[in-house]
Amino acid sequence: MSTSEILRKSRNDGESLDLGEIEALLSLDDSSLPELWGVADEVRSREVGDDIWLRGLVEMSNYCASNCNYCGLRRDNSKLTRYRLDPEEILAAVDAIAGSGIGTVVLQSGEDPYWNTIRMRGIIEEIKARHDIAVTLSLGFRDRRDLEVLRAAGADRYLLRHEIANAETYTHHHPDSSLRDRVAMLRILGELGFEVGTGNLVGLPGGSVRDLARDVDLARSLGVDMYGVGPFIPHPDTPLRGARGGNALMTYKMIAVLRIVLRDVHLPVTTALMTLDARARERAWSRGANVFMPNATPLAYRSLYELYRNRRSLGDALEEIKECIECEVESMGRRLGRGHGGTMKGRMLP
Ligand code: 5AD
Ligand code: SF4
């Protein structure tokens, strides 16, 4: 199939692109990219409208029991100062998010056994008692029984990136887990009625363009609601300190192709992409993305959530960040979404 035929199929029937066609889109040369961005923007507008959704991010703890090769929070990184927010700090951050009119809070943490199911249940129930707000969890691996409790406590969504859809490369970078277990957990989340988010890293050593096409294909087969993609940024205190890292252009291609294939998902512009490109929001939002996750972690801890160095920050006061983003969004002819902003693609609630 020629490039123009694949692009035509992308516009009308992108969910049926095969693996080779997805790889061809990711390999398009620069002259075809404006058309790729245009198709992605058109599909975005048709499938999820013009709203851009904010999700307030609270990084609860940077303790991590896992040892992912690429991540500054890995347990073997003894140079990192570890912190854990207490419940009052978490709830104050959530109050600020709800107070600024943002409809979703994302509670994120390394794999921290302290934040076990019972403690998390208490936090989720308190948030739900205080606010009409969607709760997204991003806490790493949990088993089915724990996930049932968290869901019953009121958690609406769960993010767990599969990171790379190649079992061998996955194992190389994640000594503590397997791709199979990760995918199994994503399926369980769907069965329990969570809205489910996965995602991958662009430019992990050992990864290929074919693997990126497999990332897209895996998300399609899981029917996910959300997908986060960002460039891998080498961290000096990890085994991958000398690696090259991912690039912004391939990340934009992934955003566009994810929109074309997954149609009505929520796609954020990630902080990792913003760290590589100062114009990331405007570019990503016009190439398929429709979400942004402002950081609401108390300022004193923010630089310690060091997945990679020099994470771009938009400032400290949430109200100010929100106003500045609202301006940006409106100058693009878009608007901020109001309410929870979920997808619930027809999934049955238990
Ligand atoms: N560069 C970019 N992203 C990273 N993550 C972890 N370490 C890095 C890094 N060095 C991402 C992983 C994880 C998410 C929370 O952060 O994809 O799922
Ligand atoms: Fe821990 Fe997540 Fe970092 Fe892996 S990517 S080391 S699980 S915080």
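Select strand β7, residues 226-231, in this predicted model. Colour its residues by the side they point to. M226, G228 and G230 point one way from β7. Y227, V229 and P231 point the other way. In a regular strand, side chains alternate between the two faces of the sheet. Is β7 covered or open? The strand is mostly covered, with 6 of its 6 residues buried.

Add strand β6, residues 195-202. How do β6 and β7 pair? They pair in the parallel sense, over 6 bridges. For one spot to zoom in on, pick T198, which stands opposite Y227 in β7. Now show helix α9, residues 209-222. Together, β6, α9 and β7 form a β-α-β unit, and the unit is right-handed.

**The open sheet**

Move to β1, residues 51-54. This strand belongs to an open sheet of 4 strands, in the order β8-β9-β1-β10. The pairing in that sheet is parallel. Which strands stand at the edges? They are β8 (268-269) and β10 (335-336). Each has a single partner strand, so one side of each is left without a neighbour in the sheet. Strands of a sheet pair through backbone hydrogen bonds.

Stay on β1 and check both of its sides. Toward β9, residues 291-292, there are 2 bridges, and the two strands run parallel. W53 has V291 as its bridge partner in β9. L54 is partnered by F292 in β9. Toward β10 there are also 2 bridges, again parallel. There, I52 has L336 as its bridge partner.

Next, look at where the β1 residues point. D51 and W53 go one way, I52 and L54 the other. Are these residues buried or exposed? All are buried.

**Two positive phi values**

Select R263, in the loop between α10 (248-262) and β8. Its phi is near 60°, a positive value in a residue other than glycine. Most residues other than glycine have a negative phi. R263 has a relative accessible area of 7%, under the 20% cut-off, so R263 is buried.

Then jump to E163, in the loop between β5 (157-159) and α7 (167-173). What is the phi of E163? The value is near 75°, positive in a residue other than glycine. E163 is buried too, with a relative accessible area of 11%.

**A stop in β4**

Pick T136, which is found in strand β4, residues 134-138. T136 counts as buried because its relative accessibility is 3%, under the 20% cut-off. Now draw a distance from T136 to G72, C-alpha to C-alpha. The two are 64 residues apart in sequence and 23 Å apart in space.

**Ligand 2**

Finish at ligand 2. Show the residues around it: C64, S66, C68, Y70, C71, L73, R74, G110 and E111. What classes make up this shell? There are 5 nonpolar, 2 polar and 2 charged residues. R74 and E111 are the charged ones. S66 and G110 count as polar. Now hide the ligand and display the cavities. The space taken by ligand 2 is the largest cavity.

Terms used: Residues are numbered from 1 along each chain as its sequence is written. Chains are lettered from A and ligands numbered from 1 in the order in which they are written. This is a predicted model: local features need pLDDT of at least 70, side-chain atom pairs count only at pLDDT 80 or more; totals for chains, interfaces and linings use all residues. Side-chain values use heavy atoms; hydrogens and water are left out. A residue is near a molecule or strand if one of its heavy atoms lies within 4 Å of it. On a 1 Å grid over the protein atoms alone, a cavity is a set of points where a 1.4 Å probe fits but cannot get out, and a pocket is an open set with protein on both sides within 12 Å along at least five of seven lines; lining residues have an atom within 4 Å of a point. A molecule sits in a cavity or pocket if more than half of its atoms lie within 2 Å of its grid points. Buried means under 20% relative accessible area, exposed over 50%, partly exposed in between (1.4 Å probe, protein chains only). Two strands pair if DSSP finds at least two bridges between them. A crossover is right-handed if, with the strands pointing away from the viewer, the path from the first strand over the helix to the second runs clockwise.
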